[in-house]
Amino acid sequence: ALDKEQMQGLRGIREFLKVRTSYDVLPLSFRLVVLDNELLIRKSLNILIQNGIVSAPLWDSTNSTFAGLLTSTDYINVIQYYCQFPDEIDQVDKFRLSSLRDIERAIGVLPLETVSVHPMRPLYEACRRMLKTRARRIPLVDVDDETGREMVVSVITQYRILKFIAVNNEKHTILLRKSVREIGLGTYTNLATADMSSSVLDVIHLMVKHNISAVPIIDKENKVLNVFEAVDVIPCIKGGAYDELASSVGEALSKRADDFPGIYTCSEDDRLDAIFETIRKSRVHRLIVVDDDSRLKGIISLSDILKHVLLFGEEEDDIRAG
Ligand code: ADP
């Protein structure tokens with residue numbers, strides 16, 4: 001019966017995502033910071049920090065077009081460039097946001113697919129596209145009726161979508177009574193971790209190597225002390241202080257903004273309904289799975305949750321439907 005209810009809950013949420021649009025997720029009024037592509041990368045850091053944001057759409061004012069999304073991955077790419085070409089630090093200081101594509105090419109990373117969705121398309125579509133491209137945020141791009149030009153309406157994130165689900169689907173999420181262990185939610189093997197004395201650069205290299213957005217910081221007994229997130233890179237390189245990346249994670253984490261939401265943990269016996277309850281109430285960007293002694297067991301990312309919500313039992317559904 002638990003299985004049946006779990007599927008019933010998941011189907012309910014999927015139906016909800018099919019009848020709502022990305023536009024529905026947006027608050028009634030919001031602010032959108034768009035950065036000009038010709039801005040110096042160095043200056044973009046200050047603007048993000050001053051506005052308390054970690055990403056922004058880019059605008060190409062020469063062609064009046066949307067030029068992609070600036071995220072912490074771009075700054076990590078700049079850092080990798082600096083590591084590969086340390087003699088070019090003067091150059092790095094002069095880079096503009098429009099140089100980000102050249103930087104990707106120079107360090108040999110694949111350019112991120114520039115996906116966008118129309119705000120009036122079903123939310124379900126935005127979710128599927130996020131999972132497919134592994135994008136954590138997608139710009140909502142519309143075309144202005146009068147000028148025929150593209151315009152960026154807003155950006156939706158995995159976080160916003162899960163929050164929207166949690167807030168509007170209580171009658172479905174209460175059916176999700178299976179535990180994290182039972183549904184195999186999250187990653188439990190080959191976890192990338194670091195300790196307080198690891199350098200920021202070491203941790204950044206771990207994130208790049210594993211293609212992940214957070215690294216738990218543990219002590220000798222495997223107890224979780226903190227989590228270094230990709231967005232923590234932004235304050236680290238503020239003011240072009242790239243040499244400070246050699247300093248320890250411990251030091252870097254002390255630079256976090258005062259409103260840092262904290263880290264969230266859960267146990268393998270916690271149920272998905274409880275996780276949705278946490279998402280409903282707090283600013284959760286991932287859950288660290290620990291045992292009774294705070295020892296690290298695993299990580300549940302927002303993409304793991306979104307994947308479960310959208311895809312669990314999908315094939316079976318398809319078979320039955322058709
Ligand atoms: P998101 O896509 O929500 O930002 P991540 O990129 O951090 O999340 O996670 C991508 C995948 O890698 C997920 O399946 C997650 O469980 C796993 N993962 C996240 N962090 C780590 C880590 N430190 N070590 C190993 N796997 C991880």
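A strand, as the word is used on this tour, is a DSSP run of E at least two residues long, and strands are numbered from the N terminus. With that in hand, welcome! The model in your viewer is a predicted one.

**Stop 1: a residue in a strand**

Select Ile 299, which you will find in strand S10. Is Ile 299 buried or exposed? Its relative accessibility is 15%, so Ile 299 counts as buried; the cut-off for that word is under 20%. Keep Ile 299 selected and add Ser 64. In sequence these two are 235 residues apart, and in space their C-alpha atoms are 41 Å apart.

**Stop 2: the loop before S10**

Now select Ser 294. Ser 294 sits in the loop that runs between strand S9 (286-290) and strand S10 (296-301). Check its backbone angles: phi of Ser 294 is near 65°, a positive value in a residue that is not glycine. Why look at the sign of phi? Most residues other than glycine have a negative phi. Ser 294 has a relative accessible area of 36%, so this residue is partly exposed.

**Stop 3: helix H7 and the loop after it**

Go next to Arg 134, in the loop between helix H7 (123-133) and strand S4 (137-143). Here is another positive phi outside glycine, with a value near 60°. At 44% relative accessibility, Arg 134 counts as partly exposed.

Step back into helix H7 and select Leu 131, which lies within that helix. Leu 131 has 16% relative accessibility and therefore counts as buried. Add Arg 181 to the selection: Leu 131 and Arg 181 are separated by 50 residues in sequence, and their C-alpha atoms are 22 Å apart in space.

**Stop 4: helix H8**

Select residues 158-168 to light up helix H8, which is mostly covered. How many of its 11 residues are buried? The count is eight. Among them are Tyr 159, Leu 162, Phe 164 and Ile 165. Lys 163 and Gln 158 are on the buried list too.

**Stop 5: aromatic pairs**

Now show the aromatic side chains. A pair of aromatic rings is described by the distance of the centres and the angle of the planes. How many aromatic pairs does the structure hold? There are four.

Begin with Phe 16 and Phe 164, whose rings make a tilted pair, 5.4 Å centre to centre with 40° between the planes. Phe 16 belongs to helix H1 (residues 2-19) and Phe 164 to helix H8, so with 148 residues separating them, the pair links distant parts of the chain. Both Phe 16 and Phe 164 are buried.

Move on to Tyr 82 and Tyr 242. Why is this pair called tilted? The ring centres are 5.2 Å apart and the planes meet at 40°, so the pair falls in that class. Tyr 82 is in helix H4 (residues 72-84), while Tyr 242 is in the loop between helix H12 (233-236) and helix H13 (249-253), so the pair ties together parts 160 residues apart in sequence. Tyr 82, at 17% relative accessibility, counts as buried, and so does Tyr 242, at 6%.

To finish with the rings, select Tyr 81, Phe 85 and Phe 95, which ring pairs join into a cluster.

**Stop 6: charges over rings**

Select Lys 18 together with Tyr 124. The charged end of Lys 18 sits over the ring of Tyr 124, 4.6 Å from the ring centre. Then select Arg 256 and Phe 260: Arg 256 lies over the face of Phe 260, at 3.7 Å from the centre of the ring.

**Stop 7: the cavity**

How many cavities of 30 Å³ or more are counted here? The count comes to one. The largest cavity has a volume of about 60 Å³. To see its lining, select Ile 41, Arg 42, Leu 45, Val 78, Val 92, Asp 93, Phe 95, Ile 237, Gly 240 and Tyr 242. You have already met Phe 95 in the ring cluster and Tyr 242 in a tilted pair.

Colour the lining by class, and you get seven nonpolar, one polar and two charged residues. Helix H3 (41-51) and helix H5 (89-94) each supply at least two lining residues. Which helix gives the most? H3 does, with three residues. Last, colour by domain: domain 1 (2-166) and domain 2 (178-315) each contribute at least three residues to the lining of this cavity.

Terms used
Residues numbered from 1 in each chain as written. Predicted model: local features only at pLDDT ≥ 70, side-chain atom pairs only at ≥ 80, totals over all residues. Heavy atoms only, no water. Buried < 20%, exposed > 50% of the residue type's maximum accessible area, 1.4 Å probe, protein only. Helix = DSSP H or I, 4+ residues; strand = E, 2+ residues; numbered from the N terminus. 1 Å grid on protein atoms, 1.4 Å probe; cavity = no way out; pocket = protein on both sides within 12 Å on 5 of 7 lines; lining within 4 Å. Points joined across faces, edges and corners; volume = space filled by probe spheres on them. Nonpolar A, V, L, I, M, F, W, Y, C, P; charged D, E, K, R; others polar. Domains from an automatic or database assignment. Phe/Tyr/Trp six-rings, centres within 6.5 Å; stacked < 30°, edge-to-face > 60°. Lys NZ or Arg CZ within 6 Å of the ring centre and 35° of its normal.
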